[in-house]
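Grab a coffee and open the viewer: here are a few short exercises to work through, each with a solution. Try each task before you read on.

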Amino acid sequence: MKPTTVGSPLSYLLPLLHLDSPPQESGEAPAVVSAIESLPPELIELIAFALCAKVPLGPPTSLVPLLLVSRRFYHVLGPRNDGFYSELFKQRFDWRSVERRWATMRRIEETREKRDLLDGVMEVPLRPDDDLVLTYGSFTRPNSPSESIHHSSSPWRPLTSRDYANELRRRCIVLTRMRSAALTGVIPPNSSRPSSPRLEPLSAPGQQYRSTLGEPDELTQNLWTCYLMLLENDDRNLDHLVEYACLRMYTRLFYKHSLLSEAMRPGWPRQSAGRALGLWIGWLGGDDISTETTSENDERFFVLKPYVFGAHKFDAFFSPWNIPRLPVTTKSHPISPAPDDPFFADLRPRTLAQTIVHMGRRIEISPPVLSHAAIFSFFYRVEQDPDNAAELLNVPASGAPALFHMGPSSTAAAPPLVRPAKTSRPILSARIHDYDFTRLASCVDPYSSVGLPALAGRHNLSGSWEGRFSFFDFDSYRDMLGGRIRSLYEGPFGDQPQVWKIEEKIVRLKKGERSGGRGPLLNAGFELGHPGPRPSQSPPATSSTLPLASGSGSAVGPALAAMQGVTLLTGANLRRKSIDGPGDWNPDQRATKRPRSVQDDVMEEDERDDVHQDDDGDYEVLLTGSGHSAWGQFVLKGRVRAYDGLFSITKEYESDSIGRESRGRWLYRGYNVGGNLVGRWRDTHTPQDLNGYEGTFLMTKRI
């Protein structure tokens with residue numbers, strides 16, 4: 001049954017009641033009031049809470065009989081009682097994470113407002129006392145202090161009882177829509193429309209206001225609600241989605257409706273906020289691999305592969321990685337069309353952000369990065385595939401066809417393979433995703449959003465990490481860049497385990513100094529020749545300006561040729577195989593000794609007290625570290641972009657003890673998402689304005 005759109009919190013129940021007004025009592029009023037009619041409002045509410053607890057999932061349909069008892073019951077439990085429905089929301093859904101995130105966003109806003117006021121950048125008019133607005137939540141209990149606030153246009157002002165009541169109504173409608181679509185197997189055709197990235201800035205040059213972002217269609221708004229409920233989940237939200245809204249059936253339906261159908265179109269799939277949300281919902285809680293057939297699993301690989309390996313088409317960043325400081329201006333980054341040459345990188349700032357309704361407010365928010373969810377899902381499936389599990393223990397013997405083997409062949413027997421811990425399913429604990437939400441809400445538009453505070457993500461990267469990096473066949477990758485999309489599906493790929501040990505260093509910027517460093521971005525902003533954490537014995541890398549189009553003569557070619565023992569699998573079917581190459585890999589081996597700091601002006605312990613007082617000060621987080629993979633030991637150094645927490649780390653291999661040359665320097669760029677590191681690496685020989693040779697990586701923190 002399609003829910004109505006009446007604005008009261010109980011509007012979704014009205015079709016069941018056929019009731020637009022309080023029940024009418026026939027005849028004359030009785031002379032004696034019954035005992036139940038004389039109950040105080042507090043007891044009536046307690047009765048209603050107890051009845052609703054009998055059916056804890058989905059809309060509170062247990063309220064229907066109580067609303068029909070009498071006019072008094074309707075007045076007590078009717079749509080005017082925001083306080084009752086606010087409390088009902090908190091009993092049925094997770095809400096503490098919501099208030100925590102709202103408080104974080106408001107604290108960031110207030111800190112910046114005070115700083116701007118002190119700096120004389122912006123004048124904040126004082127509001128008179130008579131501008132106070134009181135929102136009465138319920139006549140059965142007094143308002144909380146948070147509900148008597150100054151009128152503010154900020155969506156992050158403290159949540160009121162009315163906000164919770166409106167959100168209860170909206171969530172019940174969304175859950176009912178999801179359940180109806182899942183059970184009927186049909187997504188209404190009028191609920192979705194195409195969407196594409198915005199290529200224009202949201203703030204007009206020279207003006208103080210911001211134009212309004214586009215609003216999502218009904219389908220995308222449903223996906224937003226589902227995604228944010230998963231991020232807010234502590235115990236209750238997931239049950240509503242899985243048990244009542246049939247989340248897994250719904251994600252399979254959305255997959256066929258929006259992902260598979262798009263993958264079957266000629267050319268590259270189009271990017272949209274809805275597809276990003278759908279992939280993330282599937283990864284966080286919607287996909288159930290155990291129920292998929294072999295053909296369905298192959299189909300998923302087919303759908304995911306463009307988002308994973310098509311680095312030149314699907315960004316892994318909220319804003320281009322080569323912009324060290326944001327926001328930008330239309331003067332420094334004018335609006336321009338995409339480059340015509342397929343080998344030139346599309347580094348234009350743009351956004352997929354939308355204005356959505358959440359917690360009774362209209363908020364501007366960016367969708368999560370589509371390619372991150374694809375990378376998580378793809379390699380989790382690779383590891384769970386029983387065919388891959390069997391083949392991981394069988395390295396092709398020497399003399400294998402060139403298509404399956406990169407690097408010089410060897411007659412020596414390969415050492416036994418040891419694979420590190422597999423990619424784990426995401427942990428649906430709201431506190432782990434607090435930082436993710438703050439980033440989505442802060443990095444809306446690269447032309448106007450200030451982004452995260454400088455130290456919002458400190459401690460997110462420090463520690464020991466283990467995981468894998470993947471690489472695509474070089475010739476197939478070059479052909480894919482040239483426009484031969486068939487190479488994407490036919491080309492083989494491989495992956496290798498690695499371990500990182502990273503230490504964060506907080507640096508206070510001097511007056512007039514800007515974050516991002518003075519060196520080339522392909523060296524993480526450090527000047528060439530700058531001493532790293534440890535002296536490197538490897539010869540300096542030779543620079544080159546040849547793009548990947550130059551074929552086997554590219555500057556990346558020699559580095560690839562040096563990757564001994566790397567085995568790549570391919571096949572005519574859609575299933576993609578991944579395998580470890582032989583090497584001296586020891587998963588229990590820790591990274592090398594504690595690295596030295598990249599810079600000398602690192603904050604001392606007594607200075608860090610100031611950091612906790614002002615996370616949005618003039619600071620920069622530098623990264624030092626070391627690690628190892630089957631290809632050898634390497635040194636890490638990098639920095640964190642304050643705007644969105646993007647880290648850029650150079651990974652430079654050292655010459656080993658048996659005389660093998662260094663395997664070069666590679667640039668890793670990524671984020672901490674849900675407690676894991678995810679992103680893409682690229683070669684450092686190809687200029688940044690050209691599409692380089694890229695791959696993916698996933699890292700999990702060692703416990």
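Keep in mind that this is a predicted model.

**Exercise 1. Place Asp235 and decide: is it buried or exposed?**

Step 1: Find the spot. Asp235 sits in the loop between α8 (218–231) and α9 (237–244).
Step 2: Check the cover. The relative accessible area of Asp235 is 55%, and exposed means over 50%. So Asp235 is exposed.
Step 3: Look at the company. Asp235 forms a negative surface patch with Asp234, Asp239 and Glu243.

**Exercise 2. Do the same for Arg478: buried or exposed?**

Step 1: Arg478 belongs to helix α16 (residues 474–481).
Step 2: Its relative accessible area is 18%, and the cut-off for buried is under 20%. Arg478 is therefore buried.
Step 3: Now zoom out to the helix. In α16, 6 of the 8 residues are buried, so the helix is largely enclosed by the rest of the structure. Those buried residues are Phe474, Ser476, Tyr477, Arg478, Met480 and Leu481.
Step 4: See what comes after. α16 is followed by Gly483, which has a positive phi near 115 degrees.
Step 5: Check a contact across the sequence. Arg478 and Tyr693 are 215 residues apart along the chain, yet 8.1 Å separates their C-alpha atoms.

**Exercise 3. How many aromatic pairs does the structure hold, and what kind of pair do Trp156 and Phe437 form?**

Step 1: The count is 37 aromatic pairs.
Step 2: For Trp156 and Phe437, the ring centres are 6.1 Å apart and the planes stand at 90 degrees, an edge-to-face pair.
Step 3: This pair links distant parts of the chain, 281 residues apart: Trp156 is in the loop between β2 (148–150) and α7 (161–184), and Phe437 is in helix α15 (residues 434–442).
Step 4: Both Trp156 and Phe437 are buried.

**Exercise 4. Why is the pair of Phe647 and Phe697 called tilted?**

Step 1: Their centres are 6.2 Å apart and their planes lie at 55 degrees. Stacked needs under 30 degrees and edge-to-face over 60, so this pair is tilted.
Step 2: Phe647 is in strand β11 (residues 646–653) and Phe697 in strand β14 (residues 694–701), so the pair ties together parts 50 residues apart in sequence.
Step 3: Phe647 counts as buried at 0% relative accessibility, and Phe697 is buried at 1%.

**Exercise 5. Which residues do ring pairs link into a cluster?**

Step 1: From α16, pick out Phe474 and Tyr477; both are in the cluster.
Step 2: Add the other members: Phe301, Phe309, Phe378, Phe379, Phe472, Phe493, Trp666, Trp681 and Tyr693.

How values were computed:
Residues are numbered from 1 along each chain as its sequence is written. This is a predicted model: local features need pLDDT of at least 70, side-chain atom pairs count only at pLDDT 80 or more; totals for chains, interfaces and linings use all residues. Side-chain values use heavy atoms; hydrogens and water are left out. Patches are made of residues with over 30% relative accessible area and no salt bridge: like charges are joined within 9 Å, nonpolar side chains (Val, Leu, Ile, Met, Phe, Trp, Tyr) within 5 Å. Accessible areas come from the Shrake-Rupley method with a 1.4 Å probe; for residues, only the protein chains shown count as cover. A salt bridge is a side-chain nitrogen of Lys or Arg within 4 Å of a carboxyl oxygen of Asp or Glu. Lys and Arg count as positive and Asp and Glu as negative; His and the chain ends are not counted. The place of a charge is taken as NZ of Lys, CZ of Arg, CG of Asp or CD of Glu. Helices (H or I, at least four residues) and strands (E, at least two) are DSSP runs, numbered from the N terminus. Buried means under 20% relative accessible area, exposed over 50%, partly exposed in between (1.4 Å probe, protein chains only). Rings of Phe, Tyr and Trp (its six-membered ring) pair if their centres lie within 6.5 Å; planes under 30 degrees apart count as stacked, over 60 as edge-to-face and the rest as tilted.
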